[in-house]
Amino acid sequence: MKFVVFILFALTAIGGCPRIGAGPAEKVVIPAGERAFYPRFDASGEQLLLTAENYRGLKLLNLATGRLVTVSEEEGAGYHPLITGDGQAVVFVEHAYRDHLRYSRLVSYSLGDGQVRELQPLSRRVPLPVPAGSDVLVADGERLKSAGTLRSDAHPEEAVAVVIEEQQLVLYRNGERKIISPYPEESYIWPSLSPDGKRIVAYAMGKGVFVCDLQGRIEYEGGSLEAPVWAGNRLLAGMVTADDGHQIIRSEVRILDTENREQERISPEGIIALYPTVSLSTGRIAWHTPEGEIYIQKYILKK
């Protein structure tokens with residue numbers, strides 16, 4: 001593969017059965033020596049969205065060709081962008097300041113012709129986009145709406161999404177909005193639905209990572225695994241960090257098995273590995289370092 005520079009460690013198999021297997025960490029070549037952070041795979045697993053350390057700007061890297069395309073240069077564009085399931089567009093939020101107040105707008109970028117389209121104009125509150133098959137939805141007016149049309153009837157009523165609103169965990173399902181409180185009085189971050197749409201993973205600020213069903217009943221508690229993402233219906237990927245009170249001094253990417261409650265480091269020892277993202281279609285994980293380097297590695301659940 002053209003994006004591979006070197007291999008940091010050989011294929012790892014954690015003993016026992018079933019167990020998680022992890023491949024070598026491969027450094028991605030970033031054109032022009034640019035620094036890149038917070039990678040996000042597209043549905044095919046062959047492209048990565050990249051941004052700056054402060055989320056300013058957004059670029060798309062083709063892993064096969066090494067081609068890097070600028071999607072946006074605006075502030076906030078790199079925070080939670082999404083590529084539609086059909087691979088035709090990137091949907092994201094841009095920020096602007098007026099009279100010392102921050103305003104946001106929802107934008108789409110066509111990967112076919114590079115055209116930029118404003119989906120929702122600047123306002124004080126713009127919801128983040130959430131994936132739903134080949135569509136991208138936004139939670140607006142207590143309903144899920146298509147990001148492209150902002151119509152609540154532009155997608156199937158059975159669409160399901162989980163979001164954070166005012167630090168609370170909110171589930172949109174069957175045309176209804178429901179606040180879920182697995183831990184009363186807690187605040188939540190990093191929510192997402194399992195690939196089969198049956199479970200929710202999120203992080204409670206005073207409790208740590210957890211998995212619950214769509215009614216909010218806790219099924220699994222995983223401690224200090226931060227920025228959790230699904231790596232299948234059974235596996236989670238995330239990071240475990242340590243800091244000195246000012247900055248992160250250690251961080252490793254781990255995969256956690258919610259069935260047998262085991263977890264294992266897969267990132268190389270001695271490297272600060274941050275904010276993993278998963279491609280379910282290719283079985284790969286990408287993450288970044290504080291220096292703005294991107295690494296990719298394969299993972300499997302051994303039977």
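Reader: Let's start with R105: what is its relative accessible area?
Author: This is a predicted model, so take the number as computed from it. Partly exposed runs from 20% to 50% here, and R105 lands in that class. Its relative accessible area is 23%.

Reader: Which side chain does R105 meet in a salt bridge at 2.9 Å, N to O?
Author: The partner counts as buried because its relative accessibility, 7%, falls under the 20% cut-off. At 2.9 Å, N to O, the contact sits within the 4 Å limit. The side chain that R105 meets is that of E94.

Reader: And how many residues apart are E94 and R105?
Author: E94 belongs to strand β9 (residues 89–98), while R105 belongs to strand β10 (residues 101–110). The pair links distant parts of the chain, and its separation in residues is eleven.

Reader: Which residue is linked with E94 and R105 in a network of salt bridges?
Author: E94 and R105 already share a salt bridge. The network takes in one further name, E118.

Reader: Take E219 and R199 next: which strand holds R199?
Author: The side chains of E219 and R199 form a salt bridge at 2.9 Å, N to O. E219 lies in strand β21 (residues 218–223), 20 residues from its partner. R199 is in strand β19.

Reader: Is R199 buried or exposed?
Author: E219 has a relative accessible area of 38%, so it is partly exposed. R199 comes in at 15%, under the 20% cut-off, and therefore counts as buried.

Reader: How far apart are the closest N and O atoms of E252 and R254?
Author: E252 is partly exposed at 22%, and R254 is also partly exposed, at 23%. The two form a salt bridge, with their closest N and O atoms separated by 2.6 Å.

Methods
Residues are numbered from 1 along each chain as its sequence is written. This is a predicted model: local features need pLDDT of at least 70, side-chain atom pairs count only at pLDDT 80 or more; totals for chains, interfaces and linings use all residues. Side-chain values use heavy atoms; hydrogens and water are left out. Helices (H or I, at least four residues) and strands (E, at least two) are DSSP runs, numbered from the N terminus. Buried means under 20% relative accessible area, exposed over 50%, partly exposed in between (1.4 Å probe, protein chains only).
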